[in-house]
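Visitor: Please take me through one part of this model at close range. I would like one strand, its partners and its surroundings.

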Amino acid sequence: MTYNRGIMAQILVTGAAGFIGSHVCDYFLSSGHSVIGLDNFNDYYDPKIKQKNCTELSNQHTKFLCIRGDIRDASAVATAFSHGPIHTVIHLAAMAGVRPSLNDPALYQDVNLTGTMTLFEAARTHGVEKILFASSSSVYGNNQKVPFAETDPVDHPISPYAATKKAGELLAYTYHHLYQIPIACLRFFTVYGPRQRPEMAIHKFAQSILSGIPINVYNHGHCERDYTYIDDIVSGIVALWKADYSYDIVNLGNSHTISTLNLIKKIESRIGRPALLNLMPAQPGDVDKTYANISHAKTTYGYTPTTNLDEGLTTFINWLRENSPEVSV
């Protein structure tokens, strides 16, 4: 069913207190919709950061309800759905990060698959209109063909994290096939911007330069990434939400790449200090390059990223200067 702009919807956002989730919640709340946020506030990074995001959403919007709970916990998920009816589920909650997934693959499997299954089952039971599922560019592995298109084979993920995201897409297709739930799997490409998680590259690099801390630069700085500004990711999510689809896989990226070394140079120039670099070999699980072909997103859903890396970095570093004393980063 295509979204009727005149109708206010109630939306369940998992991972609502996180980086992407808090921005998604903010958009829908600012547009007049009701949002139920589900987040377990785990300690993957400082929970105070997520609590701050959630508190700000609650203070700014009367139609926001934040529920502390784990997507693996059927009772917690049921509590979230009890505040329904839920029109849409935007499923962003997951154990994130490629390298940490090598250290605890069982946890990643449990959260990213058991949790997703629990959520999909509740969505089916409660008759939601549609689901948006956060997948990842990591599913492409080290594909040699670039830019990566949704029709490319993704049968060779090189980290447990990537494997769970690929498996999540398969689970999504199964639920669509069996129960006719419209589900779109959105492959995000290296999202950055205000509120970015502190362990992610741009945040970590900028904070290290500001603090005079050496930066571990893997693959000697030759990895290339397609950095995508948070506002563009949110605009892509909204475009899919408003659209009519059955089952689809959609790249959301910026479709431009930059090496780690060149990225650090851009950050140095904005901060006005040199980085201290500790050049290191490539790490297991890290892909060499990410690069999104966004033709499908543009043609089918009208997705057009508008923030280039230079603009996005300036905005992020200004935010970091203003906010880093307030939270533990």
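**Strand S1 and its sheet**

Guide: Thr-14 stands opposite Leu-38 in S2. Start from that pair. The model is predicted. Strand S1 covers residues 10-14 and strand S2 covers residues 34-39. The two pair in the parallel sense, over five bridges. Gln-10 faces S2 as well: Ser-34 is the residue opposite.

Now follow the chain between them. Helix H1, residues 19-30, joins S1 and S2 in a β-α-β unit. That unit is right-handed.

S1 also pairs with strand S4, residues 88-91. Here there are four bridges, again in the parallel sense. Ile-11 of S1 stands opposite Thr-88 of S4.

Next, burial. Five of the five residues of S1 are buried, so the strand is largely enclosed by the rest of the structure. Take the faces in turn. Gln-10, Leu-12 and Thr-14 lie on one side, and these residues are buried. Ile-11 and Val-13 lie on the other side, and they are buried too. Both faces of S1 are therefore covered, with the cut-off for buried set at under 20% relative accessible area.

Step back to the sheet. Seven strands form it, in the order S3-S2-S1-S4-S5-S6-S11. The sheet is open, and its pairing is parallel. Strand S3 (64-68) and strand S11 (247-252) stand at the edges. Each has a single partner strand, so one side of each is left without a neighbour in the sheet. From one strand to the next, the twist averages 20°.

Helices lie against this sheet. Helix H2, residues 47-60, lies across S2 and S3. H2 runs at about 150° to S3. Helix H6, residues 160-179, packs on the sheet and touches strand S5 (130-136), strand S6 (183-188) and S11. The direction of H6 makes about 160° with that of S5.

Last, the nonpolar cores. The largest has 68 residues. Ile-20, Phe-188, Ile-237 and Ile-267 touch the most other members. Helix H8, residues 230-242, gives the largest share of this core, eight residues. Look at Phe-188. Leaving aside residues up to four places away in sequence, Phe-188 touches Ile-20, Leu-92, Ala-134, Ser-135, Ser-136, Ser-137, Ile-233, Ile-237 and Leu-252. Another core, of 30 residues, lies apart from the largest one. Its members include Ala-123, Ile-131, Leu-171 and Ile-181.

Definitions and conventions. Residues are numbered from 1 along each chain as its sequence is written. This is a predicted model: local features need pLDDT of at least 70, side-chain atom pairs count only at pLDDT 80 or more; totals for chains, interfaces and linings use all residues. Side-chain values use heavy atoms; hydrogens and water are left out. A nonpolar core is a set of buried Ala, Val, Leu, Ile, Met, Phe, Trp, Tyr and Cys residues joined through side-chain atoms within 4.5 Å. Buried means under 20% relative accessible area, exposed over 50%, partly exposed in between (1.4 Å probe, protein chains only). Contact means heavy atoms within 4.5 Å. Two strands pair if DSSP finds at least two bridges between them. A crossover is right-handed if, with the strands pointing away from the viewer, the path from the first strand over the helix to the second runs clockwise. Axes are lines fitted to C-alpha atoms, for helices over the stretch in contact, and angles run from 0 to 180 degrees between N-to-C directions.
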